[in-house]
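Ready for a few warm-up exercises? Have a go at each task yourself, then read through the worked solution below it.

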Amino acid sequence: MQTRKKYIFLTFLASWLLLFLFGGDQLRRFSFFSGRKAEARRNWPRWTDRSLLKSFADAEELQRDGDPSLLSPRERRAAWLSVYRGSRCRMETCFDFSRCEKHGFKVFTYPQERGQPVSETYGKILSSIERSRYHTAKPEEACLFILSIDTLDRDHLSGQYVRDVDEKIRSFPLWNGGRNHLIFNLYSGTWPDYAGDLGFDIGQAILAKASFDTESFRPGFDISIPLFSKEHPQRGGDRGWLSQDSVPPRKKYLLVFKGKRYLTGIGSGTRNALHHIHNGKDIISLTTCKHGKDWEKHKDTRCDRDNIDYERFDYQELLHNSTFCIVPRGRRLGSFRFLEALQAACIPVLLSDGWELPFAEAIDWGKAAVVGSERLLLQIPSAVRCIHPERVLAFQQQTQFLWDAYFSSVDKIVHTTLEIIKDRLSPHRSRSRFLWNALPGGLLVLPDFSTHLGDFPFYYLQHGYSPSKKFTAFIRVVSQGGSLSQPILRLIQAVSGSQYCAQIVVLWSCEKPPPPSGKWPQTTVPLTIIQGRRQLSDRFFPFEAIQTDAVLSLDEDTSLSTSEVDFAFLVWRSFPERIVGFPTQSHFWDPEQGRWGYTSRWTNELSIVLTAAAFYHRYYHSLFTEYLPAGLRELVDGLAACEDILMNVLVAAVTKLPPIKVTQRKQHKDVVAQQAEVKGTAGSRRFSQRQDCLNQLADWFGYMPLVSSQLRLDPVLFKDQVSVLRKKYPSLEK
């Protein structure tokens, strides 16, 4: 028995020795014979090892397709960690919230150093911050800090590359290891791998970067921004290209691309493969090798033919006439084509694996773009053909909304970045994802006002909410007599007689104190007196006394009847996002003067409803005071009769809609006309100031937000030849 066991053991041992002698090289490939199990798995198989894989292509060709200049994910991560030591940063660990408690969300920009120029683009970013409501000139009030050093272009081959940034920022007393700092960057790395190296240690600073890689992006801390050119407008910006009559949504071309084809280096693989989907009919893919100094040295057999086809099509025409636009990665993950496609309502088809999309923390890109895979390029045509026309139109509409709300100007890109950071400071009062992705957009919805959709004037129809059934009459008194005139007394009596009036608030903006309570008329609704600061912008301050959704703004000399007030309020309840009122004026472009003109003449068009007698939602008081920068409110206080123009401009910028004029009595119109004639020289000076105000506002917004209309709403039986007893508002016809 013992002998038998001995023979079995010797036979087993001999078999293993023979296996190691003749097949050991293969056995050593199995991970259980290696102490480095994970490494063995990653290294096998090696695609150019002919002993394991039958070669259907030359080994050198396989190596070229693999792109030796492309760093592995591990190597990219190691390069990132060597520069960004705060790679594990979160808002809770690398941001000092206490700096934001006393003065709120204020941003301080470092003063410019002598002899340290900044690029045109970085100058726009700094200007956007300094002109905004966030800016403070006092560092002790700041919650966030912005460097004056231009960090946008960190390609050391670029002429705008700033050297010795590490030494400079460490010398700043406020740097504090980058804590509570925001750094902007558009270009990082250089040839050949274009890695995310910025060339300096950002420490614990938040990085707002274009072409952000998902591996190096710190979720909830960093912010991905779009790549934009130096020609991108500071403010305003051109509107999207989608026209109202562009139905059906599908256009001449289904899918297009026109751009550079990289012959070598990172990014060449995807663009070199685009010719496979070109069919010359509804799918157009055009590339050119003719770029760079040495393109002829690397040209392949397709270059000459591609260059000829490339010149046959106009890029702008392709954008206008295509449903989908391919947005492949370039040398870096981001591309200028992304914003170009958004503006053109050409649905972006993204081919840039690993790209953290711009503002993805807030924006739902699944509603505006098709996110493809570089490895599945050949499946893209069939995938986009399967998208239903209704969804295509929804995609196109969303591209226009996103372009206009967040990307059409440098101002909007910078302000979106800041608002995302601001939302992180108070998650319980932050904007929901719905607010960021629905009209009018996150920038125009103030969470400090409310986080409930029913409190805003934009969402009533979408979600079945209704504004309150009562209004607050808000009367501004500026007469220097300090006493109650007959027009004020008549106005209070007329307004308080409305069945929809909840309260009357009087803003007393006179030098003398208001009369005692016994001097005011007795009304059926509460009457509140507020002492003003004698500034025009006070008219739209969000006073706590205003409790209703609707505000009826009135001047002390306004003449209205109860019927006029009732009818105007019912009209406003149908259009709660707009200004609804009585006296109107309009604007026009004067080609001879090269500026905007302003007229109070009775014409068939209107674009301004004067707030001397107008309904609007109380949210616009908060937007006027908290959204607009202090510089605009100072402009209003410096120019007479400018505040109502600014309010009309603001509401039009939010809604993209004109105000609504309602019926007013003939007597009231005659009084207004007579007052305009009597004013004479004083009226002319006032008119000139209003025109100057209009042009300064257009310059600040970067475009003219006002929208003209030819609509006036009257009661159904107004002026009809029927019995007065059948009319609801017969007094309007007197």
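**Exercise 1: getting an overview**

What percentage of the 734 residues in the protein is made up of buried residues?

*Solution.* Before we start, keep in mind that this is a predicted model. Step one is the burial count: buried residues make up 51% of the 734 residues. Step two is the surface, and the accessible surface comes to about 36,400 Å², with 52% of that belonging to carbon and sulfur atoms. Step three is the list of elements: you'll find 24 helices and 23 strands in the protein. Last, look at who touches whom. Take the contacts with a separation of 6 or more, and 74% of them turn out to be between residues 24 or more positions apart.

**Exercise 2: two packed helices**

Find helix 14 and helix 15, then work out how they are arranged and what sits between them.

*Solution.* Two packed helices are described by the angle between their axes and the distance between the axes. Start by locating the pair: helix 14 covers residues 389-407, and helix 15 covers residues 410-425. They pack at an angle of about 80 degrees, and their axes are 7 Å apart. Angles from 65 to 115 degrees count as roughly perpendicular, so helix 14 is roughly perpendicular to helix 15.

Now for the residues doing the touching. Helix 14 brings D404, A405, Y406 and F407, while helix 15 brings K412, I413 and T416. Sort the residues of this contact by kind and you get four nonpolar, one polar and two charged.

**Exercise 3: counting and pairing the disulfides**

How many disulfides does a search of the whole structure find, and what is the pairing of the bonded cysteines in sequence order?

*Solution.* The search turns up five disulfides. Number the bonded cysteines in sequence order and the pairing reads 1-2, 3-4, 5-6, 7-8, 9-10.

**Exercise 4: left-handed or right-handed?**

Go through the disulfides of C89 and C94, C289 and C303, and C325 and C346. For each, get the handedness, and check burial too.

*Solution.* Begin with C89 and C94, whose sulfur atoms are 2.0 Å apart. The angle about the S-S bond is -80 degrees, and this link is left-handed. Both C89 and C94 are buried.

Next up is the disulfide joining C289 to C303, with an S to S distance of 2.2 Å. Its torsion about the S-S bond is about -95 degrees, so this disulfide is left-handed. The pair links distant parts of the chain, 14 residues apart: C289 lies in the loop between strand 9 (283-288) and helix 9 (295-298), and C303 lies in helix 10 (residues 303-310). Buried means under 20% relative accessible area. C289 has 1%, so C289 is buried, and C303 has 0%, so C303 is buried.

Finally, take C325 and C346, with sulfur atoms 2.0 Å apart. Here the torsion about the S-S bond is about 100 degrees, so the disulfide is right-handed. This pair links distant parts of the chain, 21 residues apart, with C325 in strand 10 (residues 322-328) and C346 in the loop between helix 12 (337-343) and strand 11 (347-351). C325 counts as buried at 5% relative accessibility, and C346 counts as buried at 0%.

**Exercise 5: one more burial check**

Are C501 and C510 buried or exposed?

*Solution.* Use the cut-off again: under 20% relative accessible area means buried. C501 has a relative accessibility of 5%, so C501 counts as buried. C510 has a relative accessible area of 2%, so C510 is buried.

Conventions:
Residues numbered from 1 in each chain as written. Predicted model: local features only at pLDDT ≥ 70, side-chain atom pairs only at ≥ 80, totals over all residues. Heavy atoms only, no water. Helix = DSSP H or I, 4+ residues; strand = E, 2+ residues; numbered from the N terminus. Buried < 20%, exposed > 50% of the residue type's maximum accessible area, 1.4 Å probe, protein only. Contact = heavy atoms within 4.5 Å. Areas by Shrake-Rupley, 256 points an atom, 1.4 Å probe, with all protein chains shown as cover. Axes fitted to C-alpha atoms, helices over the stretch in contact; angles between N-to-C directions. Parallel < 35°, antiparallel > 145°, perpendicular 65-115°, else oblique. Nonpolar A, V, L, I, M, F, W, Y, C, P; charged D, E, K, R; others polar. Disulfide = S-S within 2.5 Å.
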